[in-house]
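This report describes the build of one chain and the way in which it meets its partner. Please keep the sequence and the structure in view while reading.

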Amino acid sequence: MKRLLAILLCAAALAAQSGPEVLRAKCQGCHNAKNRASGLALDTRDAVLAGGNRGSAAAPGKPGESRLVSAIRHSGELKMPPGGKLSQTEIAAVERWIESGLDGMNGPEAKSAPKHWAFTPASRPAEPAVGDAGFARNPIDKFVLARLEKEGLAPSAEASRETLLRRVSFDLTGLPPTPAEMALFAADRSEGAYERAVERLLSSPHYGERWARHWLDLARYADSDGGSRDEPRQIWKYRDWVIRAIGSDMPFDRFVVEQIAGDLIPGASPDQIVATGFQRNSLLQIEAGTDREQYRVEAVSDRVDTYGTVFLGLSAGCARCHDHKFDPLAQREYYQLFAFFNNVDEYGPALPPFSETNDLEVTHRPLLALGKPADTARYDALREQMLALYKERFDYKERAKPKGGDAGLAARNETIAALKKQLPKVELSLVMRNLPEPRETFIHLGGDFLRRGVRVFPSMPAGFHAAPVSKDPLTRLDLAKWTVNPANPLLARVTVNRIWSHYFGRGIVETENDFGTQGAKPSHSELLDWLATEFVARGWSQKAIHRLIATSAVYRQSSAFRADAARVDPRNTLLARQNRLRFDAEIVRDAALAASGLLEPKTGGPSVFPPQPDGAMDASQVKKSWKESKGADRFRRGMYTHFWRITPHPALVVFDQPGAMMACTRRSRTTTPLQALTLLNDAAFHELARGFASRIVKEAAPDARIGLAFQLALARDPLASERDRLARLYSVELDDFRTRPEEAAKMAGAADPELAAWTSVARVLMNTDEFITRE
Amino acid sequence: MHINRRHFFERCGTGLARIAFASLLAESAGAAPKQPHFGGKAKSIIYLFMEGGPSQLDLLDYKPKLAEMNGQTTPPSLLEGKRFAFMERMAAPKLYGTRSKFERRGQSGQWISNRLRHVGSVADDIAIVNSVVTTNVNHSPAMVMAHTGSMVPGRPSLGAWLVYGLGSEAKDLPAFVAMTSGPRGPRNATDIWGSGFLPTEYQGVPFLNGPDPIFNLQNPPGVSTERQSRAIDAIRDLNQTRLDATGDSEIATRIASYEMAFRMQASCPDLMNLGTESASTLEMYGATPGKASFANNCLLARRLVERGVRCVQVYHTDWDHHTNIERGLDKVCPEVDRPAAALILDLKRRGLLDSTVVAWGGEFGRTPMREGGEGAAGRNHQIDAMSVFLAGGGVRGGVTVGRTDELGFKPVEDPVHVHDLHATLLRLFGVDHTKLTYRYQGRDFRLTDVHGNPVRKLIA
């Protein structure tokens, strides 16, 4: 039998293909240097030896131990090729070739495609020549104007001074100008008045808040875990860190490094460790009976995906299950990135199950204690003791199976409770903390954490700028430094593009989350590179970029629709005018707070609980309380509203606040009837309308009230027609309330028909489209 | 789970053509009614979602052999490689045969338990699927999977995809509504009726159990209907002035949204007033006006569909019977059986069943093994088999699709993954599940991810 087989094989060998020919014909369509299905190329000897996600494909001289052979023989789990089994002669050819030591395979000819624009370093473009020399205020304008002139379009005129100041105040601080600021600006006709206003706004503490909120969208910041239980979590210190870092114009490279690896910086300060909360904003699932490893893997993947989206503008998540089809990220490289983030403790110390302790903060949270050094040291020490006791109590329960009334159990409970009472008051924040022993990382075949491929180690993807060379294993800190290396062509481009998108409603690259080969091409590629290089040259100062954009003539244009421009450029991609943009959810609230005069301007601190409709917490599985904040905390800016992932504040949801489930690079902007119901009827907005009305009455003489109301709500004077319309409403309402004093009392909180009628006027202004729109 | 490799290419290969919207500032235009990919009978869906995991073995999947082997130790070969929640409770489990009585019902002779005797009376209208498979043994991820096609929260739900794909036909109501009854809210509330990365106008609006189904439906204190109407007139006039000055069509949308809000305020009391239903209709559902219940929600669901609402999710959250399953089913089946059947009958007699899909099912099934002691028997979570039934909207009535092995451990014929179920539901609406996509973070997403095939046997 054996002999017969040998004769057959020899006979076949004379006529049949060689092993490499079989591979070329049947395998290399998927397994080539470019596609690398499952990480495997079969087009060079080295590639075959290097293997793929499952390990080496062939052992020279040993076909019986070669994965390639078991795959084509269908003798193992993996059966290849997918289209149908190879013939016996083909299989034999491959076996012979392996037996012979894999000789006689020539690599494919190297083909070099031009590199995708976003992966090449930004070069500094020259400022283009423009026809209209009077328009440009800075280089931004020349790039935009040159493009417009190519289409035969002229830019729009500058917006009115009122519109300008309101626009830039909301864009930089999320708050309107006060009437005094507006009056000052209107009166200051000297050179540089607008630029001085921009400087004032950039140094306002509210600038830090506004731009922190944009960043928190990327960081998927929330005050709870998500998942079925949606337990509260302490991480507002991270939110405050972002506010301070942006407010003080921390160089962006440092800002990035501290969020990726602040804990690994030698001699890291508590602040630098708090910054790593960026990565702790992932969801946490503690439902009883849950497979913890599965959720831990999900959290790590979320960190890799967020890293890719936020810092590289790439959809790294595609490579979780297979090599990225279009961008230079192999599945193996995804897990090499994964390895950087795979080395932290997801659930804190997590000794006994949560249900055994009901003490999430002590047992299940990787928390940093903040406060006086003596307090934090004591807190940490006590927590260690409690952990040991929880563990001991758990062991005792397992061992002794105590019944109710067991003295041993009661004593243990008491000891733990006594320690808990002694915990000093400190502030806590979720942070990254490496495990003492690094966790091993494997490729997850098909993205399934139960199907292990080969082991991988932390390293940067190869398709980008050079990775550091190090004898020691690379760490998150190495990744952070690699990310902010000016040789990285993506970070600066992606960042300035996102900043730009907040000023115009759309990025220069419209797919602000995809700079890969499938993303949109930049509408102004030279402008993008000019801004990116400028950002790095100015020491990664975000304020420098804000200053450039906010003082540019392009930004200062009127937003009025232009039919002539729309014919050429219906989506206003070329920016022949500004865009009107509805405020983000939090800013809708801030605008109402500002008009009402009730705004509490304090920055930072624990999240607060402004009024919300009854029933807003009903939907969750574990019903949470919502204890309305009293006093000034009732009137904090929208960004401080406690964010429950499962039951977020309804007024924020209807205005498109993102759900904080994953990084959000662009909010949607919808217009819906539920928004109308919120502004018209919500108790919180009604309270602010009352505040607004009493301000109108208090701060202005009767004939100046409509004017003041317009200033407070819209930062401009009314047109005659608008003034008449409100005057008419006021007089009808006043007459009506005089005949119905009980309604006046309900409306205004006091039986004062005048105040009630002004409340009607205030409500109307607060419900106009303009009130919630940046013109 | 079947992965059609070609879908990978289709997903990542789609070019820029799919980028969101014609106009950056006019996303709201997305809610207008739109044409499906091909003809489909369904216009609306009412999904009766039985949260907790109803026991298919006591309701819809008849297993005489399991009853025969009741009390015997489960053959270990059947447990190999299986995953359960609370693994520690599952050492050497005993088989547990149903205590419920099954009968062949209707002309079609489908096996249905007497615990669902009213559902049995519409046996010829429903298709029973006994081979539905899901991927995760825990409630939360299984809930998110059943609604969004992914176990990780953050993707759009079935209803959101439908409204995104087909728009809204409701003039004064949200296009997608979620209602809840039972001892507590469903898990992962906002995830399961959320819009994920789709614009929020596509998300489900949770109806509250009370006279006002929506937040902020009542005018503030001191504001009568006339006063509200005057305010909206003034708002419209000011908005119109601004529209004239700026030419921004989004202001016209804003004006329309205030008109619709006012209509919603006017129409919701009428919608919610079940007192206008005939006594016989109320009796048929077992509904009592003013008393929140699954029955009331089923009746409301019909009223919503009549008013053009695209998707109604009706949750009942009392099906997690780890122990004392008999007592549990004694309580919950009567709460659900009659209203579910009444809904199908009521839709049918009003000519609405042809255009309305009614789906009934949970996030997973339950095990053939007993959990808990003999006196307090229950069943654990089971992901390899559960039962779902469908009716209306182009569903083929009177058929049972999919068969599990004789003990009910896993499908042996026509397995239907949750992705397949989703693909089928979209197909009933004339929507090709591979073509309903949305580009986010550089990728085209869809309800069925990279999976799913419509189940032809379920479609008439």
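The centres of domain 1 of chain B and domain 2 of chain B, taken over C-alpha atoms, lie 32 Å apart. Domain 1 covers 28–209 + 292–309 + 324–365 + 376–434, and domain 2 covers 211–288; these bounds come from an automatic or database domain assignment. The model is predicted: local features need pLDDT of at least 70 and side-chain atom pairs count only at pLDDT 80 or more, whereas totals for chains, interfaces and linings use all residues. Residues are numbered from 1 along each chain as its sequence is written, while chains are lettered from A and ligands numbered from 1 in the order in which they are written.

The contact between the two domains takes 18 residues from domain 1 of chain B and 17 residues from domain 2 of chain B. Two residues are in contact if their C-beta atoms, placed from the backbone, lie within 7 Å. On the domain 1 side, helix H12 (294–306) and helix H13 (325–349) of chain B each supply at least two residues. Helices (H or I, at least four residues) and strands (E, at least two) are DSSP runs, numbered from the N terminus.

Chain B as a whole has 14 helices and 17 strands. Its radius of gyration, taken over C-alpha atoms, is 23 Å, close to the 23 Å that the globule rule gives for 460 residues, so chain B is as compact as a globular protein of that length. The globule rule is 2.2 Å times the number of residues to the power 0.38.

Chain B also meets chain A: 82 residues of chain A are in contact with 68 residues of chain B. The largest share of the chain A side, eight residues, comes from H28(A).

Within the model, the axes of H31(A) and helix H9 (residues 225–246) of chain B come within 10 Å and cross at roughly 175°. Axes are lines fitted to C-alpha atoms, for helices over the stretch in contact, and angles run from 0 to 180 degrees between N-to-C directions. H31(A) is therefore roughly antiparallel to H9(B), a term for angles over 145 degrees. Among the residues that meet here are A:Arg725 and A:Leu729 of H31(A), and B:Asp237 and B:Leu238 of H9(B).

The table compares the residue classes. Ala, Val, Leu, Ile, Met, Phe, Trp, Tyr, Cys and Pro count as nonpolar, Asp, Glu, Lys and Arg as charged, and the others, Gly among them, as polar.

| Set of residues | Classes |
|---|---|
| Side of chain A that touches chain B | 28 nonpolar, 35 polar, 19 charged residues |
| Side of domain 1 of chain B that touches domain 2 of chain B | ten nonpolar, three polar, five charged residues |
| Contact of H31(A) with H9(B) | four nonpolar, two polar, four charged residues |

How values were computed: Parallel < 35°, antiparallel > 145°, perpendicular 65-115°, else oblique.
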